[in-house]
Structures are given as structure tokens and as C-alpha cells.
Amino acid sequence: MRGVERADELAPGAAAGLERSCAGFSDGLSVSIDESGVERLEARFHGNGFSPHRHDTYALGLTLHGVQTFRYRGALRFSRPGNVIVLHPDEVHDGAAGDEAGLIYRMIYLPPGMIAATQAFEAVLAEHAST
């Protein structure tokens with residue numbers, strides 16, 4: 001994947017059994033990149049999804065289904081459906097489903113220059129508002 005220093009494949013799940021077949025979705029990734037370099041990802045998995053890795057972009061995510069668990073900045077964190085996750089560039093993190101129901105989430109990866117451009121635009125607007 002673009003923007004990832006080390007991108008592991010999805011970790012192998014537990015042996016397929018009745019509980020896994022009733023989960024309602026298959027493990028997988030869907031990735032797309034637009035012409036401006038913005039990458040979008042939807043991940044669906046059960047168990048451990050990603051080993052520790054980092055991105056050279058900002059990562060903004062939305063948990064859609066299940067409980068997302070991940071280590072970030074030295075702490076174990078959790079995200080439930082509707083929660084937004086913000087990861088800064090070069091911050092090591094991992095990812096896993098927090099329970100047997102599995103996990104579905106979406107991420108968008110924004111280059112730091114895009115965030116900097118937004119901040120510069122806000123500064124120009126503030127300057128013009130005060131004149």
C-alpha cells in the first residue's frame with residue numbers, strides 16, 4: 001500500500017468454524033487512491049489484522065462494525081461503531097478486532113502537505129477577516 005512503511009497481509013484467522021461462518025462477512029481489504037494521492041481503505045477482518053506499522057500520512061478512520069483495538073502511543077485503545085480515529089504520520093500502531101463479531105472500518109490517508117495547505121488557508125482567511 002502507498003503510504004505504509006511496512007504493509008503486512010491480513011493475519012491468518014482462526015480455523016474456520018461455525019462461529020466464524022455466522023459472522024456475516026468475509027475478511028478482506030478494499031483500497032483506492034484518487035488523482036490527488038488520497039488513499040481510502042475499507043478493512044473487514046476477525047482476530048488480529050495488522051502487525052505494528054506506520055504511515056507517512058495522517059490516517060482518519062471510522063469504525064463501522066465491531067470493536068477495534070489497537071496500540072497507539074504506548075496505550076491499548078478501543079473504538080466502537082461511530083467512533084473516529086486520528087493517527088498522526090510516523091506513529092507506530094497495530095490493529096485487531098476486539099471480539100468474535102469481527103471488525104469493519106474505513107480509513108482515509110491524507111498527505112501532511114494537504115493538512116498544511118488547509119492550515120495555511122485558515123491563516124489567510126483569519127488575516128482577511130481582521131482587515
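This report walks through the fold, one hairpin and one surface patch of a predicted model.

## The chain as a whole

Let's start with the overall layout. The protein chain carries two helices and nine strands. Going along the sequence, the order is α-β-β-β-β-β-β-β-β-β-α, so the helices sit at either end of that pattern, with the strands in between.

How much of the chain is tucked away? Of its 131 residues, 32% count as buried. The chain exposes about 7800 Å², and carbon and sulfur atoms supply 55% of that area.

The contacts reach a good way along the sequence, too. Take those between residues at least 6 apart in sequence: 64% of them join residues at least 24 apart.

## The β1–β2 hairpin

Now for a closer look at two of the strands. β1 covers residues 28-33 and β2 covers residues 39-45. The two run antiparallel, and six bridges join them. Together they make a hairpin, with five residues between the strands. One residue to look at in the turn is G37, which has a positive phi of about 95°.

Which residue of β2 stands opposite G28? That would be R44. R44 also comes up with another residue, L29: their C-alpha atoms are separated by 6.3 Å, although the two are 15 residues apart along the chain.

L29 itself belongs to strand β1. Is L29 buried, partly exposed or exposed? Its relative accessibility is 34%, so L29 counts as partly exposed; the buried class stops under 20% and the exposed class begins over 50%.

## A nonpolar patch on the surface

Further along the chain, there's a nonpolar patch on the surface, formed by L60, L62, L64, V84 and V86. Together these residues have about 380 Å² of accessible area.

Where do the patch residues come from? Strands β4 (58-65) and β7 (84-87) each supply at least two of them. β4 gives the most, with three residues.

L60 is one of the patch residues, and L60 is found in strand β4. With a relative accessibility of 30%, L60 counts as partly exposed, because that class lies between the 20% and 50% cut-offs.

## Pulling it together

To recap, this is a predicted model of a chain with two helices and nine strands. Strands β1 and β2 pair up as an antiparallel hairpin through six bridges, while β4 and β7 each put at least two residues into the nonpolar patch.

Terms used: Residues are numbered from 1 along each chain as its sequence is written. This is a predicted model: local features need pLDDT of at least 70, side-chain atom pairs count only at pLDDT 80 or more; totals for chains, interfaces and linings use all residues. Side-chain values use heavy atoms; hydrogens and water are left out. Two strands pair if DSSP finds at least two bridges between them. Helices (H or I, at least four residues) and strands (E, at least two) are DSSP runs, numbered from the N terminus. Buried means under 20% relative accessible area, exposed over 50%, partly exposed in between (1.4 Å probe, protein chains only). Patches are made of residues with over 30% relative accessible area and no salt bridge: like charges are joined within 9 Å, nonpolar side chains (Val, Leu, Ile, Met, Phe, Trp, Tyr) within 5 Å. Accessible areas come from the Shrake-Rupley method with a 1.4 Å probe; for residues, only the protein chains shown count as cover. A salt bridge is a side-chain nitrogen of Lys or Arg within 4 Å of a carboxyl oxygen of Asp or Glu. Contact means heavy atoms within 4.5 Å.
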